[in-house]
Amino acid sequence: MPGRLLSFLCALLIAPTSLVAQQPGPSTVDDLVRMGLAQNKDVLSIRERIGEAQGAVRQAGVRPAPTINLNGVTGKPLGTLGQEQYGGNYTQPIETFGKRAKRIEVAGFGIGQAEAELQERSAELAFQIRSAVAERLAEQQKLKLLDDLASANQDALRLTEARVREGDVAALEANLLRVEVNRGVVLKVSAQGRLVVAESNLRKLVGLRADQPLPQVAPETQGTETLDALKTRALESRADLRTALLRSDQNRASIALAKANARPDVSLSAGYSRQYSLFEGLFGQTVTGALAPINEQIDLLTFGVSIPLRTSRSGAGDVQAAAARSSGAQLETEYLRRSIPLEVEAAYQRWKAAQASLDLLRTGVVEPSTSNLTVIREAYKLGQLRLLDVLNEQRRLVDTELAYIDAQADASRGWAEVERAIGGNLP
């Protein structure tokens, strides 16, 4: 029985580890964005501001605390005997004109503003991650292209050197190919360095340590929405517009709070005091006929109402400031309503231009250049062209393919910018 129990406990301990190990890693760009939003310390720090705003709302609902005052008067330390007075006082301030409710309302807008700030920073992080993924993918494609080119040039160099030894071709052709091989090595080393930088940047954005591997994700699928639909989405979901609207509502509520604060509160008080007096040298007779010093004891109960004398001018400055903030927030809201559609259109047109350039490079440059290189190589084999002609055309094709890869990255970044302009595509 103890052996079975031990086996069962071991199974419980091992099972969660196995489940964690079998969990699939991120395979899409959205998965990387989710990972970044869950691990990026900057986003996590902004998320804490929601709790800060909630605490401010809770504090805004605290009622004024009562005051207890205890006092006493005695002449004994100074040699004056026979006069003593002790008492206590309790005061309770009472807020009037709905100050507490208005204060809670003003503070409540801070939660929405903190949530909007979190959304805006999350959208920015999503854009940065998507752009970094496009950059990393472009550098990987460039490195593969240059790697394949280096392998082909090495094979061509070995064949040409063999032909030089046989006397079939001049040594100049081998030297030309050797220069081309070294040029390819330089391009490859540069691409490797850029890839390391791109991966380091992506790892920082996602929140991975330097020793944690980066998953390979597929390119992101670009959207097919119309420009008008994108503009509508932007006006509905942009965090900065939401923040401006909340700030405008908050400032209007602040005007009402400032007017209420200008009106006086009421303080109710109640107290008790006992006064003891001894008349030195005076004696009286008790009920039994004995002589006793004459003293007096007085118990008093006090109560009152305190109302500060304030006028409408007492809070005029606060009302004026709140009104100015409200006007400024309304102007900001109007500005964003006009500028956001323009930002979306600008990002959309840049993306469309990148797409058009990408299509033109593919059909009008890369494919014809590939065909041209094939024809030139065949002409070189027949002795109709020089090796230099082949190398020049090969360089043009490599430059064109590198430009095509850059155009793919530009199109991906362009769509990510469109998503940022409409408020961020947060998974």
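Select Y348 and W351 to begin, and colour them so that they stand out from the rest of this predicted model: both Y348 and W351 are buried. For W351 the relative accessibility is 6%, which is why this residue counts as buried, the cut-off being under 20%. The two residues both belong to helix 8, which covers residues 316-381, and they lie three residues apart, or about one turn of the helix. An α-helix has 3.6 residues a turn, so residues three or four places apart point the same way.

Now look at the rings themselves. A pair of aromatic rings is described by the distance of the centres and the angle of the planes. A search of the whole structure gives two aromatic pairs. In one of them, the ring centres of Y348 and W351 are 5.7 Å apart and the planes stand at 55°, so this pair is tilted. The other joins W351 to W415, again as a tilted pair, with 4.7 Å from centre to centre and 55° between the planes.

Add W415 to the selection and follow the chain from one partner to the other. Because W351 is in helix 8 while W415 is in helix 9 (residues 387-421), their pair ties together parts that are 64 residues apart in sequence. Is W415 buried or exposed? The relative accessible area of W415 is 5%, so W415 is buried. Taken together, Y348, W351 and W415 are linked by ring pairs into a cluster.

Next, select F97, which is in the loop between strand 2 (83-94) and helix 4. Most residues other than glycine have a negative phi, and most peptide bonds are trans. F97, although not a glycine, has a positive phi of about 60°. With a relative accessibility of 45%, F97 counts as partly exposed. Show R263 as well, and you will find its charged end over the ring of F97, 4.6 Å from the ring centre. For another arrangement of this kind, select F127 together with R420, where R420 lies over the face of F127 at 3.7 Å from the ring centre.

From F97, move on to helix 4, which runs over residues 99-166. How far apart should the ends of helix 4 be, given its 68 residues? At 1.5 Å a residue the expected span is 100 Å, and the C-alpha atoms at the two ends are 101 Å apart, so the two values agree. Just after helix 4 comes G167, with a positive phi of about 85°.

Helix 4 also leads to the largest pocket, which holds about 450 Å³ of space. To find this pocket, select A156, Y380, K381, L387 and V390, which are the closest to its centre among the 17 residues that line it. Helix 4, helix 5 (171-206), helix 8 and helix 9 are the elements that each give two or more residues to this lining, and helix 4 gives the most, with seven residues. If you colour the lining of the largest pocket by class, you should see nine nonpolar, three polar and five charged residues.

For the second largest pocket, with a volume of about 340 Å³, select P219, E220, Q222, Q408 and S412, which lie nearest its centre out of 20 lining residues. Two or more residues of this lining come from each of helix 4, helix 8 and helix 9. Which element gives the largest share of the lining of the second largest pocket? That element is helix 9, with seven residues. By class, the lining of the second largest pocket has twelve nonpolar, five polar and three charged residues.

Another stop is D265, in the loop between helix 7 (239-261) and strand 3 (266-285). D265 has a relative accessible area of 27%, so this residue is partly exposed. Select I307 too and compare the C-alpha atoms, which are separated by 6.4 Å although D265 and I307 are 42 residues apart along the chain.

To end the tour, zoom out and show the chain as a cartoon. The chain has nine helices and four strands, and, read from the N terminus on, its elements run α-α-α-β-β-α-α-α-α-β-β-α-α. If you then colour by accessibility, 34% of the 427 residues of the chain count as buried, and Y348 and W351, where the tour began, are both buried.

Notes. Residues numbered from 1 in each chain as written. Predicted model: local features only at pLDDT ≥ 70, side-chain atom pairs only at ≥ 80, totals over all residues. Heavy atoms only, no water. Phe/Tyr/Trp six-rings, centres within 6.5 Å; stacked < 30°, edge-to-face > 60°. Buried < 20%, exposed > 50% of the residue type's maximum accessible area, 1.4 Å probe, protein only. Lys NZ or Arg CZ within 6 Å of the ring centre and 35° of its normal. 1 Å grid on protein atoms, 1.4 Å probe; cavity = no way out; pocket = protein on both sides within 12 Å on 5 of 7 lines; lining within 4 Å. Points joined across faces, edges and corners; volume = space filled by probe spheres on them. Nonpolar A, V, L, I, M, F, W, Y, C, P; charged D, E, K, R; others polar. Expected span 1.5 Å × (residues − 1).
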